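User: I'd like to understand where the labels for this structure come from. Can you take me through them?

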Amino acid sequence: MATLLPLALLFFALSPVVCRGSTIGVCYGRNADDLPTPDKVAQLVQLHNIKYVRIYDANIQVLKAFANTGVELMIGVANSDLLPFSQYQSNVDTWLKNNILPYYPATMITYITVGAEVTETTANVSAMLVPAMVNVLNALKKAGLHKRIKVSTTHSLGVMSRSFPPSAGAFNSKYAFFFKPLLEFLVENQSPFMVDIYPYYAYRDSASNVSLNYALFTSSQDVIDPNTGLVYTNMFDAQLDAIYFALMALNFKTLKIMVTETGWPSKGAAKETAATPDIAQTYNTNLIRHVINDTGTPAKPGEEIDVYLFSLFNENRKPGLESERNWGLFYPDQTSVYSLDWTGRGNVDVVTGANVTSSNGTWCVASSTASELDLQNALDWACGAGNVDCSAVQPSQPCYQPDTLVSHASYAFNSYYQMNGATDVACSFGGTGVKTTQDPSYDNCIYPTSGKTSSGSSSISSSSPTAAPSSMAHANRPMLVIEGLLLFIFFILKQSCIA
């Protein structure tokens, strides 16, 4: 019977169950003159275990930097390129040949956005959008990549003529001339409808009608759609459902919606009182939790949705109000603007937005099972861009001995962890860091806590208890239980995917 377990595991691994669940990505805008190089950005993204990144062009240096990282890229065609892309197929073929094919599949490109929020531009480019998308698709077909790389375009909520109540959501009729062929293109090619959603603007521009708590997922008062009776507890869901209902009104019920931008600024002009680090942290943390838990929306409960946070960095060259330059999760020096739990499992104080988690009784050390390459990369980052003072692990210093990679990385990891709020994400290091409740300090090597600087580094030894001898009959019982549990999980997953 023991031989059935490997068979069950093999069956589970090879089965066509592909329920990925909702995902969180980040937008990597580069409208700034002080950003780190693309290769350092790729390291930062991997350090925080971010798997999905959107860029707004097909910059070759960025594509090279993300090669062999496992990060999926959404790349873009600028609005300024819509004219040549719509006029001649040869222009698109050349672009694909020079900008995509040399780097794929080492760089995992999964989406191409053709144009961005075209209805918001002063130039009349809307009529060029669908022809340009068709030409991009044709170029991908020639390369045999049309099933691996999806083509779409992004929209602002400005395409809506009505969004409240959500059930009355409707697209602006003045865009009908290109919207219908656009939606038909998306359905035919199984591409998502991409939209940028910003509850921040709804609150900022109409604070008398929209409560801050409603925008931040922290409202204790419900908003009820009078037409459907659906109950809304946050602005994000209401805006998303308005899109769902607008699509359903046009009989495009099967289109998947992807949120290609959302976020909250951490700094703003005098009148932008809600643009603070604490409030930005609250919005993004609660959003991640809402998405990762596959909560769905009132109209689509349990619906999976992919969301991209805007933006990776503050961008100092963006025009407009002060907030426009302060949407970043990281400063250009790669330090965090505020702590963010990417797993969706952390706790945030709903009043202040501060992390509830503290370092009380916890340290962060290097995992003894991590590869040397991953540990070295994480150590280099911590002592470099992470701004950790690693002098204590230098020769003749208190934490130099034992002179091992795990020991030195443990000290650096813990220092970064304590400096950055002692959150789960501050101890991730791409999966090479682990939290511990046992103080790893030793001799004169003291591990810091709560942001204090000290000297410390430790070699963490993991011991596994030796199992007591048991008969083969006893060993088979848990084997059968595990086998049955695996098969049960498999069928549950399969049914949930079908549903």
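Analyst: Sure, starting with the enclosed spaces: searching the whole structure turns up 4 cavities of 30 Å³ or more. Keep in mind that this is a predicted model, where local features need pLDDT of at least 70, side-chain atom pairs count only at pLDDT 80 or more, and totals for chains, interfaces and linings use all residues. Residues are numbered from 1 along each chain as its sequence is written, and side-chain values use heavy atoms, with hydrogens and water left out.

User: What makes something a cavity?

Analyst: On a 1 Å grid over the protein atoms alone, a cavity is a set of points where a 1.4 Å probe fits but cannot get out. The largest cavity holds about 100 Å³ of space. It has 13 lining residues, and the closest to its centre are His48, Ser336, Tyr338, Ser339 and Leu340.

User: How many residues of that lining are nonpolar, polar or charged?

Analyst: The lining of the largest cavity has 8 nonpolar, 5 polar and no charged residues. Ala, Val, Leu, Ile, Met, Phe, Trp, Tyr, Cys and Pro count as nonpolar, Asp, Glu, Lys and Arg as charged, and the others, Gly among them, as polar.

User: And what makes something a pocket?

Analyst: A pocket is an open set of points with protein on both sides within 12 Å along at least five of seven lines. The largest pocket has a volume of about 1,200 Å³. Among its 44 lining residues, Glu117, Asp196, Ile197, Tyr198 and Tyr201 are the closest to its centre. The lining splits into 17 nonpolar, 14 polar and 13 charged residues.

User: Why are α6 and α7 called roughly parallel?

Analyst: The axes of α6 (residues 126–142) and α7 (residues 176–188) come within 8 Å and cross at roughly 20°. Angles under 35 degrees count as roughly parallel, so α6 and α7 get that label. Residues in the contact (heavy atoms within 4.5 Å) include Leu129 and Met133 in α6 and Phe178 and Phe185 in α7. That contact has 12 nonpolar, 1 polar and no charged residues.

User: Then why are α5 and α6 called oblique?

Analyst: The axes of α5 (residues 89–99) and α6 come within 9 Å and cross at roughly 55°. Besides the roughly parallel range, over 145 is roughly antiparallel, 65 to 115 is roughly perpendicular, and the rest is oblique. The angle of roughly 55° fits none of the named ranges, so α5 and α6 are oblique to each other.

Conventions
Axes are lines fitted to C-alpha atoms, for helices over the stretch in contact, and angles run from 0 to 180 degrees between N-to-C directions. Helices (H or I, at least four residues) and strands (E, at least two) are DSSP runs, numbered from the N terminus. Grid points are joined across faces, edges and corners, and a volume is the space filled by probe spheres set on the points.
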